[in-house]
Number of protein chains: 2
Amino acid sequence: MGIDKSLLSGSTAMLILRLLEDGDMYGYQMIEELAKRSDNTFALKAGTLYPLLHGLEQQGMVSSYYDSAGGAKMRKYYSLTKKGRGLLAEKKAEWQLFSSAVNKVLKGVSI
Amino acid sequence: MGIDKSLLSGSTAMLILRLLEDGDMYGYQMIEELAKRSDNTFALKAGTLYPLLHGLEQQGMVSSYYDSAGGAKMRKYYSLTKKGRGLLAEKKAEWQLFSSAVNKVLKGVSI
DNA sequence: ACACATATATAGATCTTCGATATATATTTA
DNA sequence: TAAATATATATCGAAGATCTATATATGTGT
């Protein structure tokens with residue numbers, strides 16, 4: 001990966017939901033797409049992604065369906081639900097708050 | 001707090017080291033200073049901070065000494081070591097890489 | 001004297017991610 | 001045709017980080 005994995009904590013779900021905002025995707029595709037969009041900074045592991053997707057589905061944030069998409073092998077596609085869009089909006093706001101707070105501390109102020 | 005605690009994962013040590021860059025501090029002071037500098041976004045718990053400080057000291061990133069600082073009660077001050085400054089520089093670079101990657105994904109690209 | 005804020009510390013619970021492993025199909029290479 | 005590799009989904013146990021709860025002790029204000 002190249003990045004301290006613990007930094008990812010909590011933001012993985014947001015990133016996955018953000019991918020689905022642009023269209024339905026299957027798991028393996030998310031791993032590749034996330035690596036591509038982050039210039040290979042993120043190398044999400046399958047063992048992380050699938051349990052996360054199952055959890056999001058149970059909470060009603062995403063829905064899934066099987067499709068062979070033109071004769072190839074069967075793939076499980078995930079789709080963002082309305083509830084999921086709401087969660088994504090929350091997570092985005094939270095990320096903005098968090099990252100700007102970190103930058104404030106890094107920038108420093110007079111004691 | 002107001003922020004998903006898991007977002008803090010991995011960045012807490014960086015924030016603590018950054019505080020010490022501006023001068024020696026004792027634990028309780030760090031909690032207050034971090035809240036202040038982040039506009040109350042970060043509310044670090046004592047149960048998180050002290051084990052973290054002990055770990056950093058064991059790794060030689062910080063050193064400590066007791067001082068009563070003018071008659072008041074005894075406080076345990078922490079000081080950033082040379083090694084700690086090196087770690088801070090690493091963590092800062094990592095944070096820049098991570099946050100810019102997240103922002104890339106959030107911004108989105110054509111599929 | 002009593003309550004409260006300050007100050008440090010540890011133990012156990014929870015959450016998230018990872019590495020390892022398992023299974024199965026499609027594609028490429030020898 | 002057979003073997004190797006890439007694609008694709010899934011689960012389990014280990015590891016790391018933070019939280020809550022709890023414990024202890026000192027200084028300050030009423």
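**Two protein chains and two DNA strands**

Let's start with how the chains meet. Of the interface residues of chain B, 97% are also interface residues in chain A, so the copies meet through the same surface. Contact here means heavy atoms within 4.5 Å.

Some ground rules. This is a predicted model: local features need pLDDT of at least 70, side-chain atom pairs count only at pLDDT 80 or more, and totals for chains, interfaces and linings use all residues. Residues are numbered from 1 along each chain as its sequence is written, chains are lettered from A and ligands numbered from 1 in the order in which they are written, and side-chain values use heavy atoms, with hydrogens and water left out.

Now the symmetry. Chain B superposes on chain A by a rotation of 180°, with 0.0 Å of shift along the axis and an RMSD of 0.1 Å. That is the relation of a two-fold axis. In chain B, S9(B) has the C-alpha nearest the axis, at 3.0 Å. The superposition is by least squares on the C-alpha atoms of residues with pLDDT of at least 70 in both copies.

Next, DNA strand D. How many residues surround it? There are 22, and the closest are Y28(A), Y50(A), R75(A), T12(B) and T48(B). Near means that a heavy atom of the residue lies within 4 Å of the strand. By class, this surface has eight nonpolar, eight polar and six charged residues. Nonpolar covers Ala, Val, Leu, Ile, Met, Phe, Trp, Tyr, Cys and Pro; charged covers Asp, Glu, Lys and Arg; the others, Gly among them, are polar.

Which helix supplies the largest share? It is α4(A), with four residues. Helices (H or I, at least four residues) and strands (E, at least two) are DSSP runs, numbered from the N terminus.

What does the protein meet on strand D? Sugar or phosphate accounts for 74% of the strand's atoms within 4 Å of the protein, and bases for the rest. Take the phosphate oxygens. A polar side-chain atom of T12(B) lies 2.3 Å from one. For Y26(A), a polar side-chain atom is 3.2 Å from a phosphate oxygen. G27(A) uses a polar backbone atom, also with a distance of 3.2 Å.

Over to DNA strand C. It has 23 residues around it, and T12(A), T48(A), Y28(B), Y50(B) and R75(B) come nearest. Here α4(B) gives the most, with five residues. Nine of the surface residues are nonpolar, eight polar and six charged. Sugar or phosphate makes up 73% of the strand C atoms within 4 Å of the protein. A polar side-chain atom of T48(A) is 2.3 Å from a phosphate oxygen. For Y50(B), that side-chain distance is 2.7 Å. Y28(B) places a backbone N or O atom 2.6 Å from a phosphate oxygen.

Now inside the protein. The largest nonpolar core has 58 residues. Such a core is a set of buried Ala, Val, Leu, Ile, Met, Phe, Trp, Tyr and Cys residues joined through side-chain atoms within 4.5 Å. M30, F42 and W95 of both chains have the most contacts inside it. Look at W95(A): among the residues it touches are M14(A), L7(B), W95(B) and F98(B).

Last stop, R37(B). This arginine sits in helix α3 of chain B. Is R37(B) buried or exposed? It counts as buried, because its relative accessibility is 4%. Buried is under 20% relative accessible area, exposed over 50%, and partly exposed in between (1.4 Å probe, protein chains only). The R37(B) side chain makes a polar contact with the side chain of D22(B), at 3.0 Å. A polar contact is a pair of N or O atoms within 3.5 Å; within protein, one must be able to donate a hydrogen and the other to accept it, and residues adjacent in sequence count only if both atoms are side-chain atoms.

Methods. Lists of a residue's contacts leave out its neighbours within four places in sequence.
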